[in-house]
Amino acid sequence: SEHRDNTLLINRFRVDPDRHAIERLRALAAQALHYRLEGPPVFDLVRAGPAPDWCAAHPYVVFLHATSRAEKLWPAAHWTALGARLAEAGLRAVLPWGSTAERAAAQALADAVPQAIVAPRLTLAQCALVLGGAHAVVGVDTGLTHLSAALDVPTVALFAATEAWRY
């Protein structure tokens, strides 16, 4: 923060690095803003409505296959094997994407997984609706995987390059 005479004030706060990321961030904010934490986090996220018609006709599992760094990806062969198993159980894979490269990867997976659906381009709000209507979500370390968990959807998070215990 800046002081009135434009000198920079630096405050340091300690948080337990062994705690979950959300708990660390909550503790940091509480110290910086001078309030006391009470109880678990309450996200107050509400599924605003049903999933879009293009994916709601059958029970589905969202595959959050894309992420910001290549080392965080899960191998395509694993996604394909999981998708085949889910298809045998009557569940479709829904594959969202954000970039041209991610769309191509989603299409390649859909071509290899029976009954998989490549989602159209989605806004964040639309993606939240799709996640909220899912039977489950399987995702790599990406913000949408964390959003799925916050929406209280059964979520499997795959941490290929990140220390899973932190999240």
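Colleague: Does E38 count as buried or exposed, and at what relative accessibility?
Modeller: This is a predicted model, in which local features need pLDDT of at least 70 and side-chain atom pairs count only at pLDDT 80 or more, while totals for chains, interfaces and linings use all residues. Residues are numbered from 1 along each chain as its sequence is written, and side-chain values use heavy atoms, with hydrogens and water left out. Buried means under 20% relative accessible area, exposed over 50%, and partly exposed in between (1.4 Å probe, protein chains only). E38 therefore counts as exposed, its relative accessibility being 60%.

Colleague: With which residue does the side chain of E38 meet in a salt bridge?
Modeller: A salt bridge is a side-chain nitrogen of Lys or Arg within 4 Å of a carboxyl oxygen of Asp or Glu. At 68% relative accessibility, R36 counts as exposed. The N to O distance is 3.6 Å, and the partner of E38 is R36.

Colleague: How many residues apart are D141 and K72?
Modeller: The two form a salt bridge, their closest N and O atoms being 3.6 Å apart. D141 lies in the loop between strand 4 and helix 6 and K72 in the loop between strand 1 and helix 3, so the pair links distant parts of the chain. Here helices (H or I, at least four residues) and strands (E, at least two) are DSSP runs numbered from the N terminus. The separation of D141 and K72 is 69 residues.

Colleague: Which residues are joined into one network by salt bridges that share partners?
Modeller: The side chains of E23 and R26 meet in a salt bridge at 3.6 Å, N to O. These two are three residues apart in helix 1, so about one helical turn separates them. E23 is partly exposed at 22% relative accessibility, whereas R26 is buried at 17%. D141, by contrast, belongs to the pair that links distant parts of the chain; the network of shared partners joins R19, E23 and R26.

Colleague: Which are the edge strands of the sheet?
Modeller: Five strands form an open, parallel sheet in the order 3-2-1-4-5. Two strands pair if DSSP finds at least two bridges between them. Pairing on one side only, the edge strands are strand 3 (117–118) and strand 5 (155–158).

Colleague: What angle does the direction of helix 3 make with that of strand 1?
Modeller: Strand 1 (residues 60–64) pairs with strand 4 (residues 136–140) over four bridges in the parallel sense. Helix 3 (residues 76–88) packs on the sheet, touching strand 1, strand 4 and strand 5, where contact means heavy atoms within 4.5 Å. Axes are lines fitted to C-alpha atoms, for helices over the stretch in contact, and angles run from 0 to 180 degrees between N-to-C directions. The angle is about 175 degrees.

Colleague: How many residues of strand 4 are buried?
Modeller: On one side of strand 4, A136, V138 and V140 are buried. V137 and G139 are buried on the other. The count for strand 4 is five of its five residues.

Colleague: Through which helix does the chain cross from strand 4 to strand 5?
Modeller: Strand 4 and strand 5 pair in the parallel sense over four bridges. V138 stands opposite V156 in strand 5. The β-α-β crossover is right-handed, a term used if, with the strands pointing away from the viewer, the path from the first strand over the helix to the second runs clockwise. The crossing helix, residues 143–150, is helix 6.
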